[in-house]
Amino acid sequence: MSGKDLFLRVECYVSLRRALGYVVTSEEKLLKDFVCFVEAQMVTGPIRTQIALDWACMPSPGRGLAGQTSRLKVVRGFLSHLQAAMPETEVPGPGMLAKVRRPKPYLYSRQQIETLIATASLLRPNGSLHPHTFAALIGLIASTGLRVSEAIRLTVRDIHLDGEPSHLEVLHTKFRKSRLVPLHSTTADQLRLYAQERKRLHYDGLSARSWVHFCFAVYKVF
């Protein structure tokens, strides 16, 4: 099969996945890269398992075993689709790469979290919103379990402190899912204090898009 034919097969596969509701932007990019790899190997016959493994395990800075496993999973789906039309296509079996073991998470103690918040409150410049932002952000993440990116993307409209109970709307996060996150009364109180500081320092009228100021600086710290 020529590279042109493979690209067409990829387009059909991606279109099918998209029609089923999947987000396939990164998947499409990877599969097109796979086709380029197959072309570079001058493969003229059916695609074999070794080709898929060689592509998935290509050395790249910052790509570990988890990345290789993810790439192989993507190409396995495509090759299964291709095999329906071309039975001689080989599909790598499950377990061909070692399972990825996630590192054991580090859990901060209450004392460590309190120290982080207290230290954040001392950040400069004095009299600015900066220290209040870091303290509020750390406290919110610690009390709710939000991902850092989720907390930073919150807008003023997503924070419902007057609700029963007070809660957050976390929209279009991992796998494009949304959820409601209830807030403990002490967390809601701290967010109210942060909102007051934001208003006192005249940041409340600047933008409703983000509830945190200096969000780019915050993201770089984490």
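**Exercise 1.** Find which residue of β2 stands opposite H160, and then work out which strands stand at the edges of the sheet.

*Solution.* H160 stands opposite H167 in β2, in what is a predicted model, where local features need pLDDT of at least 70, side-chain atom pairs count only at pLDDT 80 or more, and totals for chains, interfaces and linings use all residues. Residues are numbered from 1 along each chain as its sequence is written, and side-chain values use heavy atoms, with hydrogens and water left out. Next, β1 and β2 (residues 167–170) run antiparallel and are joined by two bridges, strands being DSSP runs of E with at least two residues and helices runs of H or I with at least four, numbered from the N terminus; two strands pair if DSSP finds at least two bridges between them. The open sheet has three strands in the order β1-β2-β3, with antiparallel pairing. Finally, β1 (159–160) and β3 (179–182) each have a single partner strand and stand at the edges, so one side of each lacks a neighbour in the sheet.

**Exercise 2.** Identify the elements that give two or more residues to the largest nonpolar core, and the one that gives the most.

*Solution.* A nonpolar core is a set of buried Ala, Val, Leu, Ile, Met, Phe, Trp, Tyr and Cys residues joined through side-chain atoms within 4.5 Å, where buried means under 20% relative accessible area (1.4 Å probe, protein chains only). The largest such core has 24 residues, and F34, F78 and L79 have the most contacts inside it. Two or more residues come from each of α1 (3–19), α2 (25–40), α3 (49–56) and α4 (65–85), and α4 gives the most, with six.

How values were computed. Buried means under 20% relative accessible area, exposed over 50%, partly exposed in between (1.4 Å probe, protein chains only).
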